[in-house]
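Colleague: I am new to this structure. Please take me through the place where the ligand sits, piece by piece.

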Amino acid sequence: MKNLFPFILCFFLFTGHLQANDGYKLWLDYQPIERSELHQTVSELFSGIFFFGKNPSHEAIKKELELASQGFLKQAPKYSADRFQTTQLWIGTRQELSQFLGLEHQAKIKALGEEGYWRGSIIHEGKSYYALIGNSPVSTLYASFDFLKSIQSNTFDKDTEKTDYPKIKLRMLNHWDNLDRTVERGYAGFSIWDWHRLPGYVDPRYIDYARANASLGINAVSLTNVNANAWILREDFVEKVKVLADLFRPYGIKVFLTARFSAPIEMGNLETADPLDEQVRSFWKERVDMIYEAIPDFGGFLVKANSEGQPGPHEYNRDHAEGANMLADALAPHGGIVIWRAFVYSHEIDEDRHKQANLEFEPLDGKFRDNVIVQVKNGAIDFQPREPFHPLFGAVKETNLGMEFQITQEYLGQATQLVYLGTMWEEILMDKTYRPKPSSTVARVIDGSDTEQNLTLMAGVSNIGTDRNWTGHLFGQANWYAFGQLAWDPDRSAAEISEEWIKLTFGQKPEIQAKIKEIMLASHEAAVNYMTPLGLHHLMGRSHHYGPGPWVEGGRADWTSLYYHRADSLGIGFDRTETGSGALNQYANEISKTWSDPKKTPEKFLLWFHHLPWDYQMQSGNTLWEEIGLHYDKGVKTAREMRSNWRELEKLVDSERFSHVDQLLGVQIEEAEWWRNSSLLYFQTFAKRPFPDSIEQPEGDLEFYKQQRFPFAPGIRPNW
Ligand code: GCU
């Protein structure tokens, strides 16, 4: 057995991406460099590294270079003792390297802002050095990650300089993690925050988490669920949070917590949480001071108030601005901020839920403190497979507005289905708002270029858990990755991001590239088709939000499926024009006027805004009923194609990841069929028309489909 060892070793060394791979390393899986020229260049650079100055982010860079060097070259990097002789690679901030940069060069780098960086070659006294230069230690880290990424994706060129900077200030993950380690809407195991064993035990995973985020430029994280537990503000918990904040600091990541509005009652023994009450104000001031004592760069609070039963200022007849400003005043002396969510909806309101956020927030424009950001979900309902953009974007002028995307696939097949969300987010970011400028898009509103806002934010509800591969479904990693890239630059193309992720995750082979890209780019449209085509929405089963439940009753107040699809013998869809709820009027005139005519409404949003007869004629010439059938059927067919495409990669991808994805695609096809069959059989009870001949005729018994199959789906919100 013993003398087989060298053969086994060689096998593992040379099979590269075919080695068993559990996905733990994410996109930071530094595989041996195959191209000899690149190998040579990188070996040289890694043979003489010199750091200018000393700071904790440099330690983080060192750690990364060590991992990368072991992966790329199978050897440790070498550091130089002096900056010239044996040195090849210079690393430091602009200030630290200033004597080697001409004035013009310095000005160019400086203009990129504190988080911007430059990398390229510098000639000094006849010798060329490659340099990674940031305007701050953290942006030097960003330069380093970008440098490593270019090597990993085989695009590194020593002679081409590269600059970059983030377009959005706060690029943030929101964990919906509870203190008992369950994760609301989390499908990848338990929370990675091991509160019980903190602060004494520090899981090495925390650092890998920080590395992954920093490699994308994510610079903020809120650790706890928006349905908050006040205990996180206790001193003993703050001690635990401090450990994480200290670990994340060199990676440029600030920690935020969720603040429960009723904390003054629950932990301060007060009788009220009225934001204008002096004792309440002092409670918050003291809590905040205590937190900053432990964590001097604490980010601030994320708050869900007066929504889905959460406490808030409305209990005291105060508005959102009064509630947010009270917390903002406590945080301001320390430079902290309040992120106040606009996801508000109650069970009582007798209105179209679509309208509630604009009704509550538009009148408050200009009333929020400068250190408040109102965080708005991408659409007005709730992270549906496809939603029109939220009408708050562009509607307010003097309020900092941030975007909230959901990375965890609550309504998009959870961790069972492969759905690449980059395309969906790109679609939303590119949507025209027509406000404040005629040319405005959602991206231009949230990156502040068309508004006056001084704080900008893109947040993503995390899909991370204790599963070995972090995200449950391997392709969930692509969504974490795409979120980070779009938060850095909302103008990036989702297709380009997918290419990059595939290279970093599966290597360079063009066949792999092409097939996986095809799968990823088709996946979102497929899910929309087999779940909620043509603007239908919220047809998922109650509470678990996974499988179909268009039949779920409960009356209007319960916001169940019937409320949203409104199918009857005459037709289907939600009339949000003036003859209906009027929600369409919350958009700019260019949209509300045009879309009030169904013929001028993009068909992907048709039933979102209109209730139309089953025989309504679509652009294709088909009736609405036929088109619904065709879309559901197409969704199923695309899911099948995704699997046959994947199967072509069997010999090219390691068997561990191949089988993981293959099995899940099998389940995805079954779920897609389940969605199509049950939804079409159900809608047929209203439409009373035959299915189009060209589709696979839905099989099965509606009563059977109506039995909920998923009572123990993970991530369900307790008591909901
Ligand atoms: C959805 C989700 C809840 C979550 C809520 C929110 O409704 O189902 O679990 O609490 O969004 O964003 O606050």
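Modeller: Here is the ligand site, with the whole protein as a backdrop. This is a predicted model: local features need pLDDT of at least 70, side-chain atom pairs count only at pLDDT 80 or more, and totals for chains, interfaces and linings use all residues. Residues are numbered from 1 along each chain as its sequence is written, and side-chain values use heavy atoms, with hydrogens and water left out.

Start with the shell. The ligand is surrounded by 14 residues (each has a heavy atom within 4 Å of it). The closest are Glu184, Lys304, Arg341, Lys377 and Glu410. By class, the shell holds 9 charged residues, 3 nonpolar and 2 polar. Asp, Glu, Lys and Arg count as charged; Ala, Val, Leu, Ile, Met, Phe, Trp, Tyr, Cys and Pro as nonpolar; the others, Gly among them, as polar.

Now the polar contacts (pairs of N or O atoms within 3.5 Å). The side chain of Lys304 has an N or O atom 2.5 Å from a ligand oxygen. For Lys377, a polar side-chain atom lies 2.7 Å from an oxygen of the ligand. Asn227 also takes part, with a side-chain N or O atom 3.0 Å from a ligand oxygen. The protein buries 99% of the 320 Å² that the ligand exposes when taken alone (Shrake-Rupley method, 1.4 Å probe).

Step back to the backdrop. The protein has 720 residues, and 62% of them count as buried (under 20% relative accessible area, 1.4 Å probe, protein chains only). Its C-alpha trace spans about 85 × 65 × 55 Å along the principal axes.

Terms used
A polar contact is a pair of N or O atoms within 3.5 Å; within protein, one must be able to donate a hydrogen and the other to accept it, and residues adjacent in sequence count only if both atoms are side-chain atoms. Buried means under 20% relative accessible area, exposed over 50%, partly exposed in between (1.4 Å probe, protein chains only).
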